Amino acid sequence: MKKYGLLAILAAISMLFAGCQGSKASDLPEMVEAKIIIPEKLDPGSTQELKVKVTQGGEIVQDANEVEFEIWKSGEKESSEMLEAKHAGDGIYSVKKTFGEDGIFYVQTHVTARDMHVMPKTKITVGQAGAEPEEEQDEELEHHHH
């Protein structure tokens with residue numbers, strides 16, 4: 001009897017491994033993408049709606065776990081502000097922000113959806129901005145995490 005029990009266990013393990021080998025790289029889910037929708041230039045003191053459209057494989061994502069906007073003035077990343085976005089429908093998540101002074105600002109969204117995290121970043125010019133510090137110019141504008 002023990003011999004048959006051991007054979008049954010070995011057969012079950014073999015089928016389990018055979019099932020794992022059948023999966024392909026194409027079975028991996030498509031990346032979640034986040035496209036920031038904001039103007040490149042703003043007037044100081046104006047309130048602007050900042051938006052990000054979240055998709056996966058061309059389909060809109062209505063069920064993102066978390067969407068936040070991180071905003072900072074060029075050269076002042078350590079003083080960034082985090083704003084939680086609200087779902088506006090059709091995969092659009094948004095916040096309202098007033099930029100009170102001239103300068104170059106960075107907007108980076110932190111989107112967590114479907115076990116993925118993406119952090120696209122863009123810059124906006126508010127009013128009459130001067131040149132930005134070199135370290136900001138060289139930063140990568142988009143990050144992905146699985």
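In this predicted model, Asp115 is exposed, with a relative accessible area of 74%. Asp115 belongs to the loop between strand 9 and strand 10, and its phi is near 65 degrees, a positive value in a residue other than glycine. Most residues other than glycine have a negative phi. The two strands flanking this loop form a hairpin with two residues between them, and Arg114 in the turn likewise has a positive phi, of about 55 degrees. A further positive phi, of about 55 degrees, occurs at Asp90, which is not a glycine. Asp90 is located in the loop between strand 7 (86-89) and strand 8. Asp90 counts as exposed because its relative accessible area is 53%, where the threshold for exposure is over 50%.

The chain as a whole contains two helices and eleven strands. Along the sequence these elements follow the pattern α-β-β-β-β-β-β-β-β-β-β-α-β. Of the 146 residues in the chain, 34% are buried. The exposed surface of the chain amounts to about 9400 Å², of which carbon and sulfur atoms supply 52%. Among contacts in the chain with a separation of 6 or more, 64% are accounted for by residues 24 or more positions apart.

Strand 9 is mostly covered, with ten of its eleven residues buried. Strand 9 pairs with strand 10 in the antiparallel sense over nine bridges, and with strand 5, also antiparallel, through eight bridges. Phe105 of strand 9 has a partner in each of these pairings: Lys73 stands opposite Phe105, and Phe105 stands opposite Ile124 in strand 10.

The largest nonpolar core comprises 26 residues, and those with the most contacts inside it are Leu50, Val52, Phe69, Ile71 and Phe99. Two or more residues of this core come from each of strand 1 (32-37), strand 3 (47-56), strand 5 (66-73), strand 8 (92-98), strand 9 (103-113) and strand 10 (116-126). The surroundings of Leu50 illustrate the contacts made by one core residue. Apart from residues up to four places away in sequence, Leu50 touches Ile37, Ile38, Phe69, Ile71, Tyr93, Ser94, Val95, Lys97, Phe99 and Val107.

Two aromatic pairs are present in the structure. Trp72 and Tyr106 form a stacked pair, with a distance of 5.8 Å centre to centre and an angle of 20 degrees between the planes. This pair links distant parts of the chain, as Trp72 lies in strand 5 and Tyr106 in strand 9, 34 residues apart. Trp72 has 2% relative accessibility and therefore counts as buried; Tyr106, at 2% relative accessibility, is also buried. The pair formed by Phe99 and Phe105 is edge-to-face, with 5.1 Å centre to centre and 70 degrees between the planes. Both Phe99 and Phe105 are buried.

One ring from each aromatic pair also has a lysine over its face. Lys77 lies over the face of Trp72, at 4.1 Å from the ring centre. The charged end of Lys97 is placed over the ring of Phe99, 5.6 Å from its centre. Lys97 is also among the residues that Leu50 touches. Phe99 thus combines several roles in this description: Phe99 is one of the core residues with the most contacts, pairs edge-to-face with Phe105 and is touched by Leu50.

Key: Residues numbered from 1 in each chain as written. Predicted model: local features only at pLDDT ≥ 70, side-chain atom pairs only at ≥ 80, totals over all residues. Heavy atoms only, no water. Core = buried A, V, L, I, M, F, W, Y, C linked by side-chain atoms within 4.5 Å. Buried < 20%, exposed > 50% of the residue type's maximum accessible area, 1.4 Å probe, protein only. Helix = DSSP H or I, 4+ residues; strand = E, 2+ residues; numbered from the N terminus. Contact = heavy atoms within 4.5 Å. Areas by Shrake-Rupley, 256 points an atom, 1.4 Å probe, with all protein chains shown as cover. Phe/Tyr/Trp six-rings, centres within 6.5 Å; stacked < 30°, edge-to-face > 60°. Lys NZ or Arg CZ within 6 Å of the ring centre and 35° of its normal. Pairing = 2+ DSSP bridges.
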